[in-house]
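Let's take a walk through this one, from the outside in. Have the viewer open and follow along.

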Amino acid sequence: MQTVTEYNTTEHKQSLLQIVQCKCPNCGKGSLFTYRNPYNLAHTLDMPEQCTKCGVQFDAEPGFFFGTGYVSYGLSVGLTIFSFIISYLFFGLSFMGNSLYYWLAATALLLIIVQPVMMRQSRSIWLYFFRHKLFVPEAKQKKA
């Protein structure tokens, strides 16, 4: 029988660093992804079914990770706005001339290059946001 885990902040203080490192939202030690390199494109999103350290199941229900597209979209928009501000402040981006097109091409290239990393970060953020829906087997729940 599986039970919903209750998150105890005194045992494990969640931090932004653990989200960025793609660690388990329950124990903060296990890795979310099977392979460390996000640019191994054949295995970018390969995840174990459960955490190797605490046993929490990462896939709470069928279609659980469909919402990560919204998170990825938000990260992409944030990165685009950030690159626009940096380009405007430091490189003199103007609406007259070709500098806007150069910024657009550079930002598109940047988004393509960082897409595998953003896909992983989206899953990590999603799991931390919905950590209350994750299940831990009773045998490992007492240890964690």
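Tyr88 sits in helix α2, which covers residues 68-91; helices here are DSSP runs of H or I with at least four residues, strands are E runs of at least two, and both are numbered from the N terminus. The model is a predicted one, so local features need pLDDT of at least 70 and side-chain atom pairs pLDDT 80 or more, while totals for chains, interfaces and linings use all residues. Residues are numbered from 1 along each chain as its sequence is written, and side-chain values use heavy atoms, leaving out hydrogens and water.

Tyr88 also belongs to a nonpolar surface patch, together with Tyr73, Val77, Ile81, Ile85, Leu89, Phe90 and Phe91. Between them they offer about 950 Å² of accessible area (Shrake-Rupley with a 1.4 Å probe; for residues, only the protein chains shown count as cover). To join such a patch, residues need over 30% relative accessible area and no salt bridge, with nonpolar side chains (Val, Leu, Ile, Met, Phe, Trp, Tyr) linked within 5 Å and like charges within 9 Å. A salt bridge would be a Lys or Arg side-chain nitrogen within 4 Å of an Asp or Glu carboxyl oxygen.

Zooming out, the chain has 4 helices and 2 strands, running β-α-α-α-β-α along the sequence. Its accessible surface is about 9,600 Å², with 65% of that on carbon and sulfur atoms. Of the 144 residues, 33% are buried (under 20% relative accessible area; exposed is over 50%, partly exposed in between, with a 1.4 Å probe and protein chains only).

Now go inside. In soluble globular proteins, nonpolar side chains tend to be buried together. The largest nonpolar core here has 18 residues, and Phe58 and Leu127 touch the most other members; a core is a set of buried Ala, Val, Leu, Ile, Met, Phe, Trp, Tyr and Cys joined through side-chain atoms within 4.5 Å. Beyond four places in sequence, Leu127 contacts Pro25, Leu32, Met47, Phe58, Phe64, Phe65 and Leu134, contact meaning heavy atoms within 4.5 Å.

Gln121, in helix α3 (residues 99-129), counts as buried because its relative accessibility is 16%. Its contacts outside the four-place window are Ile19, Val20, Cys22 and Leu75.

What about disulfides, and how many are there? The count is 0, with a cutoff of 2.5 Å between cysteine sulfur atoms. Cys51 has its closest cysteine sulfur in Cys27, but at 3.7 Å that is too far for a bond. Likewise, Cys54 has Cys24 at 3.7 Å, too far for a bond. Cys51 is buried at 1% relative accessibility, and Cys54 is buried at 3%.
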